[in-house]
Amino acid sequence: MGGAGNEEKAVVDNREWYLAAYAPEGVPTSDHLKLRTLPLSLAVDSIPDRHVVVQNLLISVDPYQRTRLTGLDEGLYFPQFKLNEGITATSVGRVIRSKDSNYKEGDLVLNFFAPVAEHYVVPAELLMRKVDPSSGVPLPDFLSSLGVPGFAAWVGIEVLGDLKPGSNVFISAAAGAVGMYAGQLAKLKGCRVIGSTGTDEKVCDANLESL
């Protein structure tokens, strides 16, 4: 009886978001993205070797994900999400079970393709890297300025732009995640930055006057 009870406690009701229907146009709704609950065993014996169980702490919702919901394969750098399967996103999570010597329980990890769920099981080799909790960097920054948006802005300004002090830099969608970081990076390089947004409200929300 005791063993059966412990095993039962090792099974959790795991909530995850999945794609129920493609949304080729407009804003996706609850007809397209749905939440479901599935049992997930956290028992060590149920975890494959060199796998870990991760509890998601933070998930980033980025604009590129919209292109993966259309059902239209137009040569994008990421494939379409599959119907009735869970969607993925960049996340910071905590390892709560491990059968890989490189990770221990309590490790914080960054995953670019984490299931949008409370918990998930993943091959340890697919995790991007560990997050050092003693670095003093707030965890949300690993999904923003140090995540996909910040990296995209850095590539555009530092690698492709090759900007010089005094250059004029135009940032389209300057209130977006990438645009805000791109504008700040350009200012740090001594450039004159001009940004555009879709609405006046976005100008105020992003405090673009400071650019």
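Here's a quick briefing on the fold, the pockets and a few residues of this chain. Keep in mind that the model is predicted. The chain has 211 residues, and 34% of them are buried. Its secondary structure adds up to four helices and nine strands.

**Overall layout**

- Start at the N terminus and the elements run α-β-β-β-β-β-β-β-α-β-α-β-α.
- If you box in the C-alpha atoms along the principal axes, you get roughly 75 × 40 × 30 Å.

**The largest pocket**

- The largest pocket holds about 380 Å³ of space.
- Its lining is made of 19 residues, and Tyr-64, Val-148, Pro-149, Phe-151 and Ala-152 are the ones nearest the centre.
- Three elements each give the lining at least two residues: strand 5 (108–115), helix 2 and helix 3 (177–188).
- Helix 2 supplies the largest share, with four residues.
- Sort the lining by class and you find 15 nonpolar residues, two polar ones and two charged ones.

**The second largest pocket**

- Here the space comes to about 290 Å³.
- This second largest pocket has 15 lining residues, with Leu-33, Val-61, Asp-62, Gln-65 and Ile-87 lying nearest its centre.
- Its lining splits into eleven nonpolar, two polar and two charged residues.

**Helix 2 and a nonpolar patch**

- Look for Trp-154 in helix 2, which covers residues 148–161.
- Is Trp-154 buried or exposed, or something in between? It counts as partly exposed, because its relative accessibility is 40%, and that class sits between the 20% cut-off for buried and the 50% cut-off for exposed.
- Trp-154 also joins Phe-151, Val-159 and Leu-160 in a nonpolar surface patch of about 460 Å².
- Phe-151 is worth finding twice: it is part of that patch, and it is also one of the residues nearest the centre of the largest pocket.

**Asp-100 and its partner in space**

- Asp-100 sits in the loop between strand 4 (88–98) and strand 5.
- Its relative accessibility is 13%, so Asp-100 counts as buried; the cut-off for that label is under 20%.
- How many residues apart in sequence are Asp-100 and Arg-50? They are 50 residues apart along the chain, yet their C-alpha atoms are 4.3 Å apart in space.

Definitions and conventions
Residues are numbered from 1 along each chain as its sequence is written. This is a predicted model: local features need pLDDT of at least 70, side-chain atom pairs count only at pLDDT 80 or more; totals for chains, interfaces and linings use all residues. Side-chain values use heavy atoms; hydrogens and water are left out. Patches are made of residues with over 30% relative accessible area and no salt bridge: like charges are joined within 9 Å, nonpolar side chains (Val, Leu, Ile, Met, Phe, Trp, Tyr) within 5 Å. Accessible areas come from the Shrake-Rupley method with a 1.4 Å probe; for residues, only the protein chains shown count as cover. A salt bridge is a side-chain nitrogen of Lys or Arg within 4 Å of a carboxyl oxygen of Asp or Glu. Buried means under 20% relative accessible area, exposed over 50%, partly exposed in between (1.4 Å probe, protein chains only). On a 1 Å grid over the protein atoms alone, a cavity is a set of points where a 1.4 Å probe fits but cannot get out, and a pocket is an open set with protein on both sides within 12 Å along at least five of seven lines; lining residues have an atom within 4 Å of a point. Grid points are joined across faces, edges and corners, and a volume is the space filled by probe spheres set on the points. Ala, Val, Leu, Ile, Met, Phe, Trp, Tyr, Cys and Pro count as nonpolar, Asp, Glu, Lys and Arg as charged, and the others, Gly among them, as polar.
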